[in-house]
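Good morning, colleagues. Please have the sequence and the structure open while I speak.

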Amino acid sequence: MSTTMFHAAGGYELLMGRFLPTLAPAFADAAGVSAGQDVLDVGCGPGGLTAELAARVGAGRVDAIDPSAPFVAACRERVPGARVVEGTAEDLPYPAHRFDTTLASLVVGFMTDPRRGVEEMTRVTRTGCVVALCFWDVRRMQALGRFWAAARAAIDAAPADRSLVGAREGELEGLLSGAGLVGIRSGEIEAIAGYRDLDDLWSGYTAGVGPIGQYVSRLSDAERDRVRDAVAAGFDDPSAPFELSAVAWFAVGRVPAHPTA
């Protein structure tokens, strides 16, 4: 794995990818992914969900796409046999009615045009088949909450004001209904990540990923140390293993015989 690929994919795994072993199976269950289906993973990242899909249907029946070249390379390495390409959700390079299940995990909030992306997902999905979305409820992510609470206490910092589509209840269902899908059902998934100790948790914060990674990179060494000490103060024993939880919304819909979008 190249240095660039490790930096991007490895950083993601340290901060968010460690939740995928519990999130991906639950999301695939919600979407009804099973043997015999042709499936597409939109915004596949380093391949956490792609690997789960391949385990269920076989890598030869899995397509995946992501706009990041390092993530595409990491996904190809992780899931040999899957067809992984570089591209965007808003312009999927697949014919209409190609897949039985099309999924986007933790992606819609980062799409340039979420409505267009879900319309494209619907276009490439067969009549009567499934389009599924999930995205974090960022208010219920303990790893992020602990960091920003510590930053506020240590250096009077506040999280960036980012309103991500899909992070609030009902938004994923709205995207599906807006794309003409029917029979929509929704719910939430709790994902769990395990950490060896505080150092393991802190490595995700300093990996350069997302708003936290960008924020930490701008801190002075002294500020960084104060925030780390404040994070540590939230644990009885920072050297002991622990788990943190995160909650994601999900929504699943079916393509009607005559889509309205």
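I shall speak about confidence, then the sheet, then the helices, and finally a few individual residues.

Let me begin with the status of the coordinates. This is a predicted model. The mean pLDDT of the chain is 93, and 94% of the residues reach 70 or more. One stretch calls for caution: over residues 1-6 the pLDDT stays under 50. For those residues, the model has 9 contacts beyond four places in sequence.

I turn now to the sheet. It is open, is made of 7 strands, and has mixed pairing. Reading across, the order is S3-S2-S1-S4-S5-S7-S6. Which strands stand at the edges? They are S3, residues 83-86, and S6, residues 182-195. Each has a single partner strand, so one side of each is left without a neighbour in the sheet. With direction ignored, neighbouring strands in this sheet are turned by 20° against each other on average.

As a general reminder, strands of a sheet pair through backbone hydrogen bonds, either parallel or antiparallel. In this sheet, strand S1, residues 39-42, and strand S2, residues 62-66, pair in the parallel sense over 4 bridges. Val39 stands opposite Val62 in S2, and Asp41 stands opposite Ala64 in S2.

How many residues of S2 are buried? The count is 5 of its 5, and the strand is mostly covered. In a regular strand, the side chains alternate between the two faces of the sheet. For S2, Val62, Ala64 and Asp66 lie on one side, Asp63 and Ile65 lie on the other, and all are buried, leaving both faces covered.

Asp63 merits a closer look. This residue belongs to strand S2. Its relative accessible area is 6%, so Asp63 counts as buried. Leaving out residues up to four places away in sequence, Asp63 touches Val39, Leu40, Asp41, Arg83, Tyr94, Arg98 and Phe99. As for a distance across the model, Asp63 and Ala149 are 86 residues apart along the chain, and their C-alpha atoms are separated by 39 Å.

Next come the helices, starting with H3, residues 48-57. Of its 10 residues, 7 are buried, so H3 is largely enclosed by the rest of the structure. The buried residues are Gly48, Leu49, Thr50, Glu52, Leu53, Ala54 and Val57. Against which elements do they pack? Their partners are helix H2 (20-31), S1, S2, helix H4 (69-78) and strand S4 (99-105). Just after H3, Gly58 takes a positive phi of about 95°.

A second helical region concerns H6, residues 142-155, and H8, residues 198-205. Their axes come within 11 Å and cross at roughly 85°. The two helices are therefore roughly perpendicular to each other. On the H6 side, the contact is made by Ala143, Arg146 and Phe147, and on the H8 side by Leu201, Trp202 and Tyr205. By class, this contact of H6 with H8 has 5 nonpolar, no polar and 1 charged residues.

Beyond H8, in the loop leading to helix H9 (210-217), lies Val209. Is Val209 buried or exposed? With a relative accessibility of 17%, Val209 counts as buried. Apart from its neighbours within four places in sequence, Val209 is in contact with Gly11, Tyr12 and Leu15. From Val209 to Glu13, the separation is 196 residues in sequence and 9.6 Å in space, C-alpha to C-alpha.

I close with two backbone conformations. Most residues other than glycine have a negative phi. Against that background, His97 has a positive phi of about 60° although it is not a glycine. His97 is found in the loop between S3 and S4. At 45% relative accessibility, His97 counts as partly exposed.

The second case is Leu106, another residue other than glycine, with a positive phi near 60°. Leu106 lies in the loop between S4 and helix H5 (114-123). Here the relative accessible area is 9%, and Leu106 is buried. To set the two side by side, His97 is partly exposed, whereas Leu106 is buried.

Conventions
Residues are numbered from 1 along each chain as its sequence is written. This is a predicted model: local features need pLDDT of at least 70, side-chain atom pairs count only at pLDDT 80 or more; totals for chains, interfaces and linings use all residues. Side-chain values use heavy atoms; hydrogens and water are left out. Axes are lines fitted to C-alpha atoms, for helices over the stretch in contact, and angles run from 0 to 180 degrees between N-to-C directions. Angles under 35 degrees count as roughly parallel, over 145 as roughly antiparallel, 65 to 115 as roughly perpendicular and the rest as oblique. Contact means heavy atoms within 4.5 Å. Ala, Val, Leu, Ile, Met, Phe, Trp, Tyr, Cys and Pro count as nonpolar, Asp, Glu, Lys and Arg as charged, and the others, Gly among them, as polar. Two strands pair if DSSP finds at least two bridges between them. pLDDT is the predictor's confidence in each residue, from 0 to 100. Buried means under 20% relative accessible area, exposed over 50%, partly exposed in between (1.4 Å probe, protein chains only).
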